[in-house]
Amino acid sequence: MKIKLGVIFGGESVEHEVSIISAVQAMNKINQEKYDIIPIYITKDGEWYTGNMLMDVEVYQDLDLIKKYASNVVLYKKDGAFVLQSKGLFKKIVTDLDVIFPITHGTNVEDGVLQGYFQTVGIPYVGPNVYSAVVSQDKAYMRDIFKANDIPVPNYTWFYDTDYKNDPDEVIKKVEKIKYPVIVKPATTGSSVGIGVANNKDELVKAIEEAITYDSKIVVEEVIKNLMEVNISVLGNYENQETSVIEEVLSKSAFLTYDEKYIGSGKVKGKLGAKMTPLKGSKGMASADRKIPADLTDKMSKEVEELAIKVFKALGSSGDARIDMLIDSKTKKVYVNEINSIPGSLAFYLWDPKGKDYTELLDDMISIAIKDYKKRESKTHSFKTNILQGFAHNGLKGMKGKLQNK
């Protein structure tokens, strides 16, 4: 019997379209002999839809068609089963699910919000748990945890939008202790949305004002000199981890931009070649220019691998996460930039050179999710005793009278 796999994507996020690209890529690579794929698309206004048509990327050019022909549903637990039920006057069970595979990016979907719902419902799900998802999405929390675990990060500071609005001079004074140039980032967005580089005070003000249109919390950090940017993926959970090949990102900017990630030319130097084209149209993160493997010594490659595993475990990650690092090519010092708990394109292109194709990677991620679920279910989360028993005789009678008088 096939495993009923709900692949969920979209949502109220600035990375909505990126999530669609990643999910359609994945759904076309999941082993359909082993899994019955049920696409679940979340619109930008929070409505959930399901239907086989959602596996075609061209459908998303006309969202009215989705609302007309796909089923508008909700997820809940009924009689021990996890079901998608249609909304409206004549409600019916559309399908049941065994496992959820969130392929979502950004706020409201990747940041622990969905994971919390899945855990409340009780359904097994792929990827990070609530805690890991939260800190992996928040660049301020993330850096504070890295610092506490002796994981090297660029000099940084962070503040709230209200701090800046109430006393901009104090915030600027705090930031300028880092020294220019600096990078200004919304704390909880991804895909380089809202990020800017500032070389002086005027540019800093402009970058901060742009960033606070996307987020209430802002991170500012130093620009690493002689920059070489490398990424590596880690697959596993807190018990076991394996690492992918290391890629060098070839960016024309001080950081990899949204356009370079998702609308770029997709030039690749290395062993991947034509394998970088998983679907027609946009290739997601696979479209960025990169060199695979990165031009690193064996010693530096080992340092990057060990640091990636340390990051993965420090945040309690699970599934397939991509860790982005910054290297000063002159001093050879390695800094951790961030972790992507559900990376664009699920970083499939970093596993293929190690002999793990996309289908196998997806299968491994689902297997890890089932193991995580069994481990979570084996722990004690509540007590069978009801401390309210006995309370009714002594205290509830008086409370009942008060309620009746209201």
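Helices (H or I, at least four residues) and strands (E, at least two) are taken here as DSSP runs, numbered from the N terminus. By this naming, glutamate 176 sits in the loop between α7 and β9. The model is predicted, and local features need pLDDT of at least 70, side-chain atom pairs count only at pLDDT 80 or more, and totals for chains, interfaces and linings use all residues. Residues are numbered from 1 along each chain as its sequence is written, and side-chain values use heavy atoms, with hydrogens and water left out.

A good place to begin is the sheet. It is open and has four strands in the order β8-β11-β9-β10, with antiparallel pairing; two strands pair if DSSP finds at least two bridges between them. At the edges stand β8 (156-160) and β10 (196-198), each of which pairs on one side only. On average, neighbouring strands of this sheet are turned by 25° against each other, direction ignored. Strand β9 (residues 182-186) runs antiparallel to β10 and is joined to it by three bridges, and valine 182 stands opposite alanine 198 in β10.

Two helices pack on this sheet. Helix α7 (residues 168-175) touches β8 and β11 (217-222), and its direction makes about 165° with that of β8. Helix α8 (residues 201-211) touches β8, β9, β10 and β11, and its direction makes about 15° with that of β9. Contact means heavy atoms within 4.5 Å, while axes are lines fitted to C-alpha atoms, for helices over the stretch in contact, with angles from 0 to 180 degrees between N-to-C directions.

Two residues help to make the picture concrete. Valine 219 lies in strand β11 and is buried, with a relative accessible area of 0%. Buried means under 20% relative accessible area, exposed over 50%, and partly exposed in between (1.4 Å probe, protein chains only). Leaving aside neighbours within four places in sequence, the contacts of valine 219 include Thr157, Trp158, Ile183 and Val184. Valine 219 and valine 184 are 35 residues apart in sequence, yet 6.0 Å apart in space, C-alpha to C-alpha. Glutamate 176, by contrast, is partly exposed, with a relative accessible area of 34%. From glutamate 176 to lysine 201 there are 25 residues in sequence and 8.4 Å in space, C-alpha to C-alpha.
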